[in-house]
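Trainee: Please choose one part of this structure and take me through it slowly. I would like each term explained when it comes up.

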Amino acid sequence: MKVTKEEIESIGDAHISNTTETPLRSDAFEKPDDDKIENIQYHFSEIMKELGLDLTDDSLSGTPYRVAKMYVKELFYGLNPLNRPKISTFENKYGYQKMLIEQNINIDSACEHHFLPITGTAHVGYIPKDKVVGLSKINRLVDYYAHRPQVQERLCLQILKDLQQTLGTEDVIVVVNAKHLCVSSRGIKDKSSFTTTIEYGGSFTKTSFRNEFLRIIEKNND
Ligand SMILES: [Zn+2]
């Protein structure tokens, strides 16, 4: 598929995506991380050279390696399914059947169109059936899906789907509020706007459930 430069520019704003899955190559994890770091290091040094930078300078010489390591081990560790946090579930012994909300979960992500940071917070609610999870596991799962090149809509959906599957219930809701550096630092350069996405299933398709959730997160985020 050949895409023109104009189409590339407009895709960067339009956030079209036809699947919840992150588009990955079939050989995505055949190479060890160390090989990826070495290759990215080479390619990033070529980018820097092309920009006219002198890589023999002490301050710049380590940058290609730092960027490569940061991509593979930090910013995009969530691409590799082996890095998904182990989430053990427990029997819902208390019989707690109302809403449980985990608020203000940190979002550190990067937009897949510009590789620039997306930062913000996620709020997750669910109504337990037979299974519950340790609270910090929700934070870990959000962190995992955030650490990929992302579009915010897909991030929201990936968190929702995983939790629905892990918890064995459709009754999950996810809200993400985030600032995109690609909106604030380039293009329109809007410093104050942020983006909200909301995805839900099961009981949360009912307005009353959704409103209860939204009231609680609003009250604590004034
Ligand atoms: Zn972007």
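Mentor: What follows begins with an annotated site and then works outwards through the strands and helices around it.

The model is predicted, so local features need a pLDDT of at least 70 and side-chain atom pairs count only at pLDDT 80 or more, while totals for chains, interfaces and linings use all residues. Residues are numbered from 1 along each chain as its sequence is written.

According to the unreviewed UniProt entry, the annotation "binding site" covers Cys 111, His 114 and Cys 182 (UniProt positions follow the numbering used here, feature names are shortened, and annotations may be inferred rather than shown by experiment). These residues are spread over 72 residues of sequence, yet they cluster in space, with a largest C-alpha distance of 7.7 Å.

Take Cys 111, which belongs to strand β2, residues 100-111; here helices (H or I, at least four residues) and strands (E, at least two) are DSSP runs, numbered from the N terminus. A residue is called buried if 20 or more other C-beta atoms lie within 10 Å of its own, exposed if 12 or fewer do, and partly exposed in between, with C-beta atoms placed from the backbone. Cys 111 counts as buried because 20 other C-beta atoms lie within 10 Å. Two residues are in contact if their C-beta atoms, placed from the backbone, lie within 7 Å. Setting aside neighbours within four places in sequence, Cys 111 has contacts with Leu 116, Ile 118, Gln 150, Val 151, His 180 and Cys 182.

Cys 182, in turn, sits in helix α7, residues 181-184, and it is partly exposed because it has 19 C-beta neighbours inside 10 Å. Apart from residues up to four places away in sequence, Cys 182 touches Cys 111, His 113, His 114, Leu 116 and Gly 187, so that two of the residues it touches, Cys 111 and His 114, are also named in the annotation.

Strand β6 (residues 172-180) is mostly covered, since seven of its nine residues are buried. Two strands pair if DSSP finds at least two bridges between them. By that rule β3 and β6 pair in the antiparallel sense over nine bridges, and in this pairing Gly 125 stands opposite Ile 173 of β6. Strand β6 is also joined by six bridges to strand β7 (residues 195-200), again antiparallel, where Ala 178 stands opposite Thr 195 in β7.

Thr 119 gives another view of strand β3, to which it belongs. With 15 C-beta neighbours inside 10 Å, Thr 119 is partly exposed, and its contacts beyond four places in sequence are Ile 107, Asp 108, Ala 178 and Lys 179. Although Thr 119 and Val 176 are 57 residues apart along the chain, their C-alpha atoms are separated by 9.9 Å.

Helix α5 (residues 135-146) packs against several of these strands. Its 12 residues should span 16 Å at 1.5 Å a residue, and its end C-alpha atoms are 18 Å apart, which agrees; the expected span is 1.5 Å times one less than the number of residues. Within α5, the residues Ile 138, Leu 141, Val 142, Tyr 144, Tyr 145 and Ala 146 are buried, and the buried residues of this helix pack against β2, β3 (117-126), β4 (131-133), β5 (149-150) and α6 (152-167).

This brings us to the largest nonpolar core, a nonpolar core being a set of buried Ala, Val, Leu, Ile, Met, Phe, Trp, Tyr and Cys residues joined through C-beta atoms within 7 Å. Of its 37 residues, Ala 122, Val 142, Ile 159 and Val 174 touch the most other members, and α4 (63-75), β2, β3, α5, α6 and β6 each supply at least two residues. Domain 1 (22-75) and domain 2 (89-219) both contribute residues, so this core lies between them; the domain bounds come from an automatic or database domain assignment. The C-alpha centres of domain 1 and domain 2 lie 30 Å apart. Ala 122 itself, leaving out neighbours within four places in sequence, is in contact with Ile 105, Ile 107, Val 142, Ile 159, Val 174, Val 175 and Val 176.

For the wider setting, the chain has eight helices and seven strands, and 24% of its 222 residues count as buried.
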